Amino acid sequence: MRQIVVTGGTGTLGRVLVRRLLARGCPVRVVSRQAHTPGEHGWAVADLVTGRGLGAALTGAGTVVHCATTNGRRDVDATRRLVRAAREAGVRHLVYVSIVGVDAVPLGYYRAKAECERLVAESGVGWTVLRATQFHDLLVRMLDGLSKAPVLLLPRGVAFQPVDVRDVAERLADLAEAAPAGRVADFGGPQVRPVESLAEEFLQARGRRRPVLRVPAPGGAVKALRAGGNLAPEHADGRITFAEYLAERY
């Protein structure tokens, strides 16, 4: 079996994916910008943004799962360099994890992710793109920041479908071991819930008391969220609920 290379293998999703692949007996190599002590899997030092070391990192790879992100526009340059290196290294399968709503919610980061999807699809390499809804971790970071104020203000009419990274990692591991499948079905959390309901659950888990107020919010992004552009209710395939995640974390 040729190696499965994971970019962003030390990140929120990547490190869970690496554990899943190792548990299945897959040979794994993690691409990182910094050297690490050898462990169960191999390491390759490479910088996706500059391309430094990328060719060597992909040598002998059969599949590349691209989880790395700069959380911004630099994702496009990084993905462009990865695609070029994957093609030159003879990689057979490029798997990219994206976000539900990148073509519906007008946010700069979402536009970058949509452009990365296009680069992967036009790479000339066998490809698979999986879009997932927002991670539990992301929602917690957002609510944690908002709840530092005396009153927690939330946009009216917005819902989220948070998903656990462990569920997404399991799905990605399946895709990495399978043949290229193009754009596969979206992957959503088990529940679609109003953001104020999720916020109240978060406050209770943290032992914080804050009034939660729903306020009208302008802008195209909020309008798209109110329309459900970030949701995949027909693909509520995740198993771990937000409440279960909070109980574990706190």
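## A tour from Y250 to G11

Start by selecting Y250: with a relative accessibility of 36%, this residue counts as partly exposed. Keep in mind as you click around that this is a predicted model.

Y250 sits in the segment after α9 (242-249). Now add F202, in helix α7 (residues 195-206), 48 residues away along the chain. Unlike the partly exposed Y250, F202 is buried, at 0% relative accessible area. Show both side chains and look at the rings. How are the rings of F202 and Y250 arranged? Their centres lie 6.4 Å apart and their planes meet at 75 degrees, so this pair is edge-to-face. No need to hunt for others: a search of the whole structure turns up one aromatic pair.

Next stop, two helices. Select α1 (residues 14-23) together with α6 (residues 165-177); they pack with their axes 9 Å apart, at an angle of about 50 degrees. That angle makes α1 oblique to α6. Rotate the view and you'll find that the crossing of α1 past α6 is right-handed.

To see what touches what, bring up side chains on both helices. From α1, pick V16, L17, R20 and L21; from α6, pick V165, R166, A169, E170, L172, A173 and A176. Sorted by class, this contact has eight nonpolar residues, three charged ones and no polar ones.

Last, step back to the loop between β1 (3-7) and α1, where you'll find G11. G11 is partly exposed, at 24% relative accessibility. Select D137 as well and draw a distance between the C-alpha atoms: G11 and D137 are 126 residues apart along the chain, with 12 Å between those two atoms.

How values were computed:
Residues numbered from 1 in each chain as written. Predicted model: local features only at pLDDT ≥ 70, side-chain atom pairs only at ≥ 80, totals over all residues. Heavy atoms only, no water. Axes fitted to C-alpha atoms, helices over the stretch in contact; angles between N-to-C directions. Helix = DSSP H or I, 4+ residues; strand = E, 2+ residues; numbered from the N terminus. Parallel < 35°, antiparallel > 145°, perpendicular 65-115°, else oblique. Left-handed = near helix turned anticlockwise from the far one by under 90°. Contact = heavy atoms within 4.5 Å. Nonpolar A, V, L, I, M, F, W, Y, C, P; charged D, E, K, R; others polar. Buried < 20%, exposed > 50% of the residue type's maximum accessible area, 1.4 Å probe, protein only. Phe/Tyr/Trp six-rings, centres within 6.5 Å; stacked < 30°, edge-to-face > 60°.
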